[in-house]
Amino acid sequence: MSKTLPSTRTTGAPQVRRMRFRFGEPEPLNRHFADGDIVLSHLTALLSAAFPPGEDSFVRSVRRVSGEIDDPVLKKRAAGFIGQEAMHGQQHRLLNDQLVAMGYPLVRVPHFAPGSRREKALIRAENLLPARVHLAATAAAEHFTTMLARRVLTSPELQSIASTSPEVRDLLNWHALEELEHKSVAFDVYRASGGGELVRIGVMTIPYVGAIPFIAAAVGLSILTDPTAWRPVRVTRQAVGVLRGPLVKGLQAEIREYLRPGFHPDDIDTEPLVRRWQEELFGSDGELLDRVR
Ligand SMILES: [Fe+2]
Ligand SMILES: [Fe+2]
């Protein structure tokens with residue numbers, strides 16, 4: 001398969017915004033903070049739990065090959081990517097502290113501190129992978145986050161649900177915007193380091209088949225740990241609602257796009273969406289200007 005570099009449309013370096021959210025202030029978060037929806041609250045909590053260790057791993061995967069990047073523009077984009085992902089992990093950890101205190105025990109599983117024994121074990125495991133496979137896994141994960149981010153930022157229904165917990169909504173909107181801003185960086189670093197199509201597509205087949213069932217099982221387990229959620233009829237109805245709703249319906253088809261030889265993240269044009277949300281959140285009257293440190 002071809003190793004030719006794609007022509008990329010995204011060339012600007014992602015801007016790192018140093019944010020500080022205040023979860024649980026002045027009002028404490030409701031236990032089912034996604035508008036009382038048990039399934040959506042547990043799903044959001046588990047995604048938030050997975051982000052910090054996942055994003056730290058993405059950063060390490062880019063650093064592993066950074067010596068092979070000669071292009072100064074790509075170097076700057078990689079630095080922007082690393083800065084944005086580090087900040088996402090830091091702010092999600094603050095939310096995850098609250099979620100653990102609120103009674104989401106599964107959030108504790110990937111909630112380990114940088115430098116902890118569990119993190120060291122994860123680093124040892126990922127170093128067993130060839131650097132390009134590690135980076136291909138990051139590029140695949142970035143496609144997932146891009147598709148989810150686009151859904152969060154385009155769905156009035158998801159915005160309405162999120163607005164019941166404004167600080168969580170603000171975190172998710174900021175994170176979603178930056179996922180779109182840096183959506184092609186890991187992909188382009190992968191290509192620039194000589195990564196080919198066979199490994200890129202092969203690595204994606206694992207989450208393509210397994211991610212949604214794995215996450216569904218984790219959400220089910222998380223709900224079982226929450227005695228206030230033991231309402232089978234309501235949970236079943238809400239689970240069907242999530243599967244048929246704007247976050248998940250059609251997601252598999254969007255993930256499949258990535259399996260096409262020659263695919264590039266910029267094939268999916270998100271620039272108008274990015275500009276709209278940059279203005280909304282960080283423009284002259286931006287909603288999140290007071291959250292920038
Ligand atoms: Fe992120
Ligand atoms: Fe990302």
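## Helix packing

Helix H4 (residues 131-154) packs against H7 at an angle of about 150°. Their axes are 8 Å apart. Angles over 145° count as roughly antiparallel, so H4 is roughly antiparallel to H7. The crossing of H4 past H7 is left-handed. These values come from a predicted model.

A second helix pair is H1 (residues 38-64) and H2. Their axes come within 8 Å and cross at roughly 155°. H1 and H2 are therefore roughly antiparallel to each other. Their crossing is left-handed.

## The iron site

Which residues coordinate the iron ion (ligand 1)? Three glutamates and two histidines do: Glu 55 (OE), Glu 85 (OE), His 88 (ND1), His 175 (NE2) and Glu 179 (OE). The distances run from 2.0 to 2.3 Å. Along the chain, these donors follow the spacing E-x29-E-x2-H-x86-H-x3-E.

There is also an iron ion (ligand 2). The iron ion (ligand 1) and the iron ion (ligand 2) are 3.7 Å apart. Glu 85 coordinates both.

## Glu 85 and His 88

Two of the donors, Glu 85 and His 88, sit in helix H2 (residues 72-102). How far apart are Glu 85 and His 88 in this helix? They are 3 residues apart, so about one helical turn separates them.

Are Glu 85 and His 88 buried or exposed? Buried means under 20% relative accessible area. Glu 85 has 0% relative accessibility, so Glu 85 counts as buried. His 88 also has 0% and counts as buried.

## Aromatic pairs

A pair of aromatic rings is described by the distance of the centres and the angle of the planes. The count here comes to 6 aromatic pairs. One of them is formed by Phe 21 and Phe 23. Their centres are 6.0 Å apart, with 25° between the planes. This pair is stacked, because planes under 30 degrees apart count as stacked. Phe 21 is buried, at 1% relative accessibility. Phe 23 is buried too, at 5%.

Phe 187 and Phe 263 form another aromatic pair. Here the centre-to-centre distance is 6.3 Å and the planes stand at 75°. That pair is edge-to-face, because the angle is over 60 degrees. The pair links distant parts of the chain, with its two residues 76 residues apart. Phe 187 belongs to helix H7 (residues 185-192). Phe 263 lies in the loop between helix H10 (251-256) and helix H11 (271-282). Both Phe 187 and Phe 263 are buried.

Ring pairs also build a cluster. Its members are Phe 21, Phe 23 and Trp 174.

## Charges over rings

Two arginines sit over aromatic rings. Arg 17 lies over the face of Phe 282, at 4.5 Å from the ring centre. Arg 200 has its charged end over the ring of Tyr 258. There the distance to the ring centre is 4.7 Å.

## An unusual backbone angle

Which residue has a positive phi although it is not a glycine? Asp 35 does, with a phi of about 55°. Asp 35 is placed in the segment before H1. Its relative accessible area is 48%, so Asp 35 is partly exposed.

Methods
Residues are numbered from 1 along each chain as its sequence is written. Chains are lettered from A and ligands numbered from 1 in the order in which they are written. This is a predicted model: local features need pLDDT of at least 70, side-chain atom pairs count only at pLDDT 80 or more; totals for chains, interfaces and linings use all residues. Side-chain values use heavy atoms; hydrogens and water are left out. Donors are N, O and S atoms within 2.8 Å of the metal (3.2 Å for Na, K and Ca); water is not among the atoms, so sites may look incomplete. Helices (H or I, at least four residues) and strands (E, at least two) are DSSP runs, numbered from the N terminus. Buried means under 20% relative accessible area, exposed over 50%, partly exposed in between (1.4 Å probe, protein chains only). Rings of Phe, Tyr and Trp (its six-membered ring) pair if their centres lie within 6.5 Å; planes under 30 degrees apart count as stacked, over 60 as edge-to-face and the rest as tilted. A charge sits over a ring if NZ of Lys or CZ of Arg is within 6 Å of the ring centre and within 35 degrees of the ring normal. Axes are lines fitted to C-alpha atoms, for helices over the stretch in contact, and angles run from 0 to 180 degrees between N-to-C directions. Angles under 35 degrees count as roughly parallel, over 145 as roughly antiparallel, 65 to 115 as roughly perpendicular and the rest as oblique. A crossing is left-handed if the near helix is turned anticlockwise from the far one by less than a right angle, and right-handed if clockwise.
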